[in-house]
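I opened the notebook to log a round of lookups on this protein. Here is what I went after, entry by entry.

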Amino acid sequence: PKYRRGRDLNITIRGEFSAFMLQVRKIGADERRGVDKPARVGEFVSYPPYIQPVMCDKDEKTAITNKNFSPKSHVSVTWRAPKEDVGDIHIVARFISEEEYWQITESREIPMNEFPVNLKNCGKAKSCILYSEKSASCHEDNCDYILTYSVINSTSVEFVLGGSAKGDQSYLAVGFSTTPEGENLKMISCIKAKSSAEIKYFVLNTIEEGPTEAQMQLENKKMDLDGDDRMWCSFVAPMVTHSEEGNSLDLSVPLYQVYLRGNTNYTRGAHYPVLPAKLIASKKEVQIEKIKLQYHTMEKPKSQNSAADIPRTMVLLIVIPLILLVNHKQLTARFL
């Protein structure tokens with residue numbers, strides 16, 4: 001299990017104690033504080049009335065402690081992860097219990113999930129395309145479609161796709177075409193099939209035939225389902241894909257970019273994207289090495305069998321227990 005940027009983590013302490021102090025620290029030295037000083041991260045956003053925050057870092061509630069010394073058997077609080085990347089973290093608690101003074105308990109390391117993608121430096125260090133059904137702007141947790149990409153050493157392109165993926169059969173894709181109507185469309189798709197995700201390359205020869213799967217050498221493929229209604233994937237694609245079957249893709253030349261999401265059709269033993277009635281494409285051909293930032297209002301994709309809109313995104317909770325038992329103290333964390 002991993003924690004996510006900007007998300008809540010429920011932490012529960014169980015045992016017999018009268019006083020405590022709790023912090024969440026990042027693993028490794030903090031250059032701002034010195035090599036030997038711990039780096040407290042995030043902020044405690046919810047705690048019982050008999051608990052109080054400790055302002056260790058300016059006005060941030062980076063630690064909590066007890067208000068009184070009455071006996072305690074468990075304490076449950078909520079910690080919110082920072083929105084920026086801080087790497088792996090662990091939970092550190094100090095206790096006063098009977099005659100034991102400030103006994104220390106630490107959780108194991110909790111790695112950071114790279115998804116949702118960090119939108120920092122969009123339009124500066126990388127290109128970002130952000131689409132929403134509801135508004136002209138959005139962020140990583142509520143965009144219906146997110147695409148980021150950056151060129152690596154002029155030989156390959158690193159892509160991240162993410163967004164709303166309702167139902168057991170859905171997809172997100174980035175396509176490339178010689179026309180805004182999708183002529184000779186080549187698309188790299190992140191496909192959700194029930195509880196798993198996969199990345200595939202498709203070509204569209206004719207609308208009637210529909211997308212057909214083709215081969216592309218994709219590297220560093222990563223997929224993640226963020227609850228039941230959001231999906232993420234990342235991959236590195238070659239700048240030029242050669243094929244003798246008409247499936248070549250040359251990203252070094254200007255092409256129209258096509259942004260797709262919708263449902264898949266399970267046929268011939270595989271999931272194939274169902275193209276929307278109207279393609280959403282860039283206004284002009286895009287040179288992929290030129291960094292861009294674009295917001296747009298995206299139409300809802302049509303369902304496979306009818307023109308009805310798919311349901312709007314709902315917020316669901318992910319709960320993954322993390323338990324550490326040290327002596328007679330138990331430290332439990334749950335993701336929200």
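The entries below run from the overall fold to single residues.

**Entry 1: overall make-up.** I noted first that this is a predicted model. I counted secondary structure and got zero helices and 25 strands. Next I checked burial over the 336 residues of the protein, and buried ones make up 49%. I also looked at contacts with a separation of 6 or more, and 62% of them are between residues 24 or more positions apart.

**Entry 2: disulfides.** How many disulfides does a search of the whole structure find? I got two. As a reminder to myself, a disulfide is a covalent bond between the sulfur atoms of two cysteines.

One of them joins Cys122 to Cys128, with an S to S distance of 2.0 Å. I took the torsion about that S-S bond and got about -80°, so the Cys122 and Cys128 disulfide is left-handed. Cys122 and Cys128 are both buried.

The other bond I logged runs from Cys138 to Cys143, S to S 1.9 Å. Its torsion is about 95°, so the disulfide of Cys138 and Cys143 is right-handed. Cys138 and Cys143 are buried too. Counting bonded cysteines along the chain, I wrote the pattern down as 1-2, 3-4.

I then looked up two further cysteines. Cys190 has a relative accessible area of 0%, so I put it down as buried. Cys233 also counts as buried, because its relative accessibility is 0%.

**Entry 3: cores.** I went looking for nonpolar cores with a general point in mind: in soluble globular proteins, nonpolar side chains tend to be buried together. The largest nonpolar core here has 33 residues, and Leu147, Phe159 and Ile188 touch the most other members. I checked which strands feed this core: β9 (127-132), β10 (145-152), β11 (156-164), β12 (169-177), β13 (186-193), β14 (196-204) and β17 (230-238) each supply at least two residues. Apart from this core lies another, of 23 residues, and I noted Leu9, Leu22, Ile64 and Ile89 among them.

I picked Ile188 for a contact list, leaving aside neighbours within four places in sequence. Its partners include Leu161, Leu172, Ala173 and Val174. Also on the list for Ile188 are Ile199, Lys200, Tyr201, Met216, Leu218, Phe235 and Ala237.

**Entry 4: cavities.** I searched the whole structure for cavities of 30 Å³ or more and found two. I followed up on the second largest, with a volume of about 30 Å³. What lines the second largest cavity? I have Phe176, Leu251, Val253, Leu255, Gln257, Val286 and Ile288. Sorted by type, that lining is six nonpolar, one polar and no charged residues.

**Entry 5: two residues in strands.** Is Ala93 buried or exposed? Buried, because its relative accessibility is 0%. I placed Ala93 in strand β7 (residues 89-97). Gln23 is 70 residues away from Ala93 along the chain, and their C-alpha atoms are separated by 6.4 Å. Not counting residues up to four places away in sequence, Ala93 touches Met21, Leu22, Gln103, Ile104 and Thr105.

I moved on to Ser170, which is in strand β12. Ser170 has 3% relative accessibility, so it counts as buried. With neighbours within four places in sequence left out, Ser170 is in contact with Ala165, Cys190, Ile191, Lys192, Met231, Gly262, Asn263 and Thr264. Cys190 on that list is the buried cysteine I logged under the disulfides.

**Entry 6: backbone oddities.** The background for this one is that most residues other than glycine have a negative phi, and most peptide bonds are trans. I found that the peptide bond from Phe115 to Pro116 is cis, with omega near 0°. Pro116 sits in the loop between β8 (100-106) and β9.

I logged Asn153 for a positive phi of about 55°, although it is not a glycine. Asn153 lies in the loop between β10 and β11, and it counts as exposed because its relative accessibility is 67%.

Asn184 also went on the list, with a positive phi of about 55°. I placed Asn184 in the loop between β12 and β13. At 42% relative accessibility, Asn184 counts as partly exposed.

Technical notes:
Residues are numbered from 1 along each chain as its sequence is written. This is a predicted model: local features need pLDDT of at least 70, side-chain atom pairs count only at pLDDT 80 or more; totals for chains, interfaces and linings use all residues. Side-chain values use heavy atoms; hydrogens and water are left out. A disulfide is a pair of cysteine sulfur atoms within 2.5 Å. Buried means under 20% relative accessible area, exposed over 50%, partly exposed in between (1.4 Å probe, protein chains only). On a 1 Å grid over the protein atoms alone, a cavity is a set of points where a 1.4 Å probe fits but cannot get out, and a pocket is an open set with protein on both sides within 12 Å along at least five of seven lines; lining residues have an atom within 4 Å of a point. Grid points are joined across faces, edges and corners, and a volume is the space filled by probe spheres set on the points. Ala, Val, Leu, Ile, Met, Phe, Trp, Tyr, Cys and Pro count as nonpolar, Asp, Glu, Lys and Arg as charged, and the others, Gly among them, as polar. A nonpolar core is a set of buried Ala, Val, Leu, Ile, Met, Phe, Trp, Tyr and Cys residues joined through side-chain atoms within 4.5 Å. Helices (H or I, at least four residues) and strands (E, at least two) are DSSP runs, numbered from the N terminus. Contact means heavy atoms within 4.5 Å.
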